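Please look over the sequence and the model below, and keep both in view as you read. The paragraphs that follow move from the whole chain to single residues.

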Amino acid sequence: MTPPPEPTEILLNLKISGASNNTTEEEIEEFLFGIKVDKLVKEIAPNGRSTGNFYAKCIAEEDVLEALRYNNRKIGNRLISVESVQDYIFEMNEKNGDIMSVDGVVVEGDYKDCMRYFIDGSVYSLIT
């Protein structure tokens, strides 16, 4: 008989996506009612506008497990996705402020840093 697999570590970070770009942090806090959140961050696109994605760092594993049950609930008429994500997003955010992304790829740095990766609506790789 094979032993059961080792339990996997539960990440304390959530990605909340599917909200409109004018959804506020307060609306996300209301959506996550009952979940203890240490930090909530709005993702900002290269144009300086919200992407409709938010990242939340929960206090405890129980909060993450409960929040994952909120997946596919709605804010207004928009279906919201809730999933766990890696720690590096928060480490980067604590260093640089709001998270910026290009076509869903998180870019470290401020608006100017992010724009270096975004040219004419396309993402380009830097080859060194």
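A residue is called buried when its relative accessible area is under 20%, exposed when that area is over 50%, and partly exposed in between. By this standard, 37% of the 128 residues of the protein chain count as buried. The model you are looking at is predicted, and its protein chain exposes about 8,400 Å², of which carbon and sulfur atoms supply 49%.

With the surface described, we can turn to the elements of the chain. The protein chain has four helices and nine strands, and if you follow them from the N terminus on, their order is β-α-β-β-α-β-β-α-β-β-α-β-β. To see how this chain folds back on itself, consider the contacts between residues at least 6 apart in sequence: 61% of these join residues that are at least 24 apart.

Since the model is predicted, it is wise to ask where it may be trusted. The mean pLDDT of the protein chain is 75, and 62% of its residues reach 70 or more. Confidence is highest in strand 4, residues 73-75, with a mean of 96, and lowest in strand 9, residues 122-123, where the mean is 46. Over residues 117-128 the pLDDT is below 50, and this stretch has 11 contacts in the model beyond its near neighbours in sequence. Where pLDDT is low, the predicted coordinates should not be read in detail.

We now go to the interior. Which residues of the largest nonpolar core touch the most other members? This core has 17 residues, and those that touch the most other members are L14, I16, I28, F31, L32, I80 and V82. At least two residues of the core come from each of strand 1 (13-17), helix 1 (25-31), strand 3 (50-58), helix 2 (61-68) and strand 5 (78-85), and strand 3 gives the most, with three residues. I16 can serve as a guide here, for, leaving aside its neighbours within four places in sequence, I16 is in contact with I28, F31, L32, G52, N53, F54, A56, I80, S81 and V82.

I28 and F54, which appear in that list of contacts of I16, are also touched by T23, together with K42, when residues up to four places away in sequence are not counted. T23 lies in the loop between strand 1 and helix 1, and T23 counts as buried because its relative accessibility is 5%. The side chain of T23 also has a polar contact of 3.0 Å with the side chain of S20.

K42 leads us on to the charged residues. Side chains of opposite charge can pair when their charged atoms come close. The structure holds two salt bridges, and in one of them E25 pairs with K42, with the closest N and O atoms 3.8 Å apart. This pair links distant parts of the chain, since E25 is in helix 1 and K42 is in strand 2 (residues 37-44), 17 residues apart. Are the two partners, E25 and K42, buried or partly exposed? E25 counts as partly exposed because its relative accessibility is 27%, whereas K42, with a relative accessible area of 18%, is buried.

A salt bridge also joins the side chains of R69 and E66, with a distance of 3.6 Å from N to O. R69 is exposed, because its relative accessible area is 62%, while E66, at 31% relative accessibility, counts as partly exposed.

E66 brings us to G34, because although 32 residues separate them along the chain, the C-alpha atoms of G34 and E66 are 8.8 Å apart. G34 lies in the loop between helix 1 and strand 2 and counts as exposed, at 59% relative accessibility. A similar look can be taken at K39, a residue of strand 2 that counts as partly exposed because its relative accessibility is 28%. The C-alpha atoms of K39 and C58, which are 19 residues apart along the chain, are separated by 7.3 Å.

One last residue deserves a look for its backbone. N72, in the loop between helix 2 and strand 4, has a positive phi of about 70° although it is not a glycine. With a relative accessible area of 47%, N72 is partly exposed.

Methods:
Residues numbered from 1 in each chain as written. Predicted model: local features only at pLDDT ≥ 70, side-chain atom pairs only at ≥ 80, totals over all residues. Heavy atoms only, no water. Buried < 20%, exposed > 50% of the residue type's maximum accessible area, 1.4 Å probe, protein only. Contact = heavy atoms within 4.5 Å. Areas by Shrake-Rupley, 256 points an atom, 1.4 Å probe, with all protein chains shown as cover. Core = buried A, V, L, I, M, F, W, Y, C linked by side-chain atoms within 4.5 Å. pLDDT = per-residue confidence, 0-100. Polar contact = N/O pair within 3.5 Å; in protein donor to acceptor, adjacent residues only side chain to side chain. Salt bridge = Lys/Arg side-chain N within 4 Å of Asp/Glu carboxyl O.
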